[in-house]
Amino acid sequence: MPPVYSSPYFQMDNPAILSLLRPNPGEKHRKSSSGGLLRMFKLFPMLTSGCKMVALLGRPKKPMLKDSATTGTIFGYRKGRVCLAIQDDPHCVPTFVIELPMLTSLLQKEMASDILRIALESETKTHKKKLLEEFVWAVYCNGRKMGYSIRRKQLSDDELHVVQLLRGVSMGAGVLPGPSEKETADGELTYMRARFERVVGSKDSEALYMINPDGAPGPELSIFFVRSH
């Protein structure tokens, strides 16, 4: 099967994920989205310590926030691991938080194609929980298996710090001040927050598609959740 998007690493053949994939946007559309949040996140290595927040300039070409949209945040220290938090609303406690088995620097490299797909697969056999209530997940990034992670039962101090700082922020990317007691050995705390369209394929599969801030068609970032049979 030919790749659905441009990433050379996308080789996942899980039928549940393939059923949720969207058509490949044309080259013109990919170029038009180059000013989006994903590009902003890739600029983090060039930000100086004096730059504590990056704002998105300009207005979207069309309304992008939906009442039913889900909030997703990717954050982590420059030299540390990346975390993913999902919220029904920026003011609410996250319904799903997980530390991904990959460094922030590696995630930025995977963004080189301007298309990022993160897939989380649960291998549980019971199916008694709702999909996002599962704890153990195999994590794939652009088709490559990165390792395993366990969903947080409780927020860590750093995760709670980020959630509190970003209360009321619907979308954006930048550098956040770390907790006062946190040493800076891992570098600055970076984040990218966006609104996502949630698509449920079945009780064992769903996807989050980032709503592009510039109104361009085709998601720059997609997150998939799948439970194997």
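Modeller: A residue counts as buried under 20% relative accessible area and as exposed over 50%, with partly exposed in between. The model considered here is predicted.

Biologist: Which class does arginine 152 fall into, and what does its side chain meet in a salt bridge?

Modeller: Arginine 152 is partly exposed, because its relative accessibility is 28%. Its side chain meets that of glutamate 159 in a salt bridge, at 2.8 Å from N to O. Glutamate 159 has a relative accessibility of 2% and therefore counts as buried.

Biologist: How many salt bridges does a search of the whole structure find?

Modeller: The search finds 9. One of them joins the side chains of aspartate 88 and arginine 198, at 3.9 Å from N to O. This pair links distant parts of the chain, 110 residues apart. Aspartate 88 lies in the loop between strand E2 (81-87) and strand E3 (96-103), whereas arginine 198 belongs to strand E8 (residues 189-202).

Biologist: How should the accessibility of aspartate 88 and arginine 198 be read?

Modeller: Aspartate 88, at 47% relative accessibility, counts as partly exposed. Arginine 198 is also partly exposed, at 30%.

Biologist: With which residue does glutamate 206 form a salt bridge, and is glutamate 206 buried or exposed?

Modeller: Glutamate 206 forms a salt bridge with arginine 198, and the closest N and O atoms are 2.7 Å apart. Glutamate 206 is buried, because its relative accessibility is 9%. Elsewhere, salt bridges that share partners join Glu134, Lys203, Asp204 and Arg227 into one network.

Biologist: Turning to the surface, which residues make the nonpolar patch of about 320 Å²?

Modeller: A patch of this kind takes residues with over 30% relative accessible area and no salt bridge. Here the patch is made by Val136, Tyr148 and Ile150. Tyrosine 148 is placed in strand E6 (residues 144-150). Its relative accessible area is 46%, so tyrosine 148 is partly exposed.

Biologist: What area does the chain expose, and how much of it do carbon and sulfur atoms supply?

Modeller: The chain exposes about 11,500 Å², of which carbon and sulfur atoms supply 54%. Buried residues make up 51% of the 229 residues in the chain.

Biologist: How many helices and strands does the chain have, and what share of the contacts between residues at least 6 apart in sequence join residues at least 24 apart?

Modeller: The chain has 5 helices and 10 strands. Among those contacts, 61% join residues at least 24 apart in sequence.

Technical notes: Residues are numbered from 1 along each chain as its sequence is written. This is a predicted model: local features need pLDDT of at least 70, side-chain atom pairs count only at pLDDT 80 or more; totals for chains, interfaces and linings use all residues. Side-chain values use heavy atoms; hydrogens and water are left out. Patches are made of residues with over 30% relative accessible area and no salt bridge: like charges are joined within 9 Å, nonpolar side chains (Val, Leu, Ile, Met, Phe, Trp, Tyr) within 5 Å. Accessible areas come from the Shrake-Rupley method with a 1.4 Å probe; for residues, only the protein chains shown count as cover. A salt bridge is a side-chain nitrogen of Lys or Arg within 4 Å of a carboxyl oxygen of Asp or Glu. Helices (H or I, at least four residues) and strands (E, at least two) are DSSP runs, numbered from the N terminus. Buried means under 20% relative accessible area, exposed over 50%, partly exposed in between (1.4 Å probe, protein chains only). Contact means heavy atoms within 4.5 Å.
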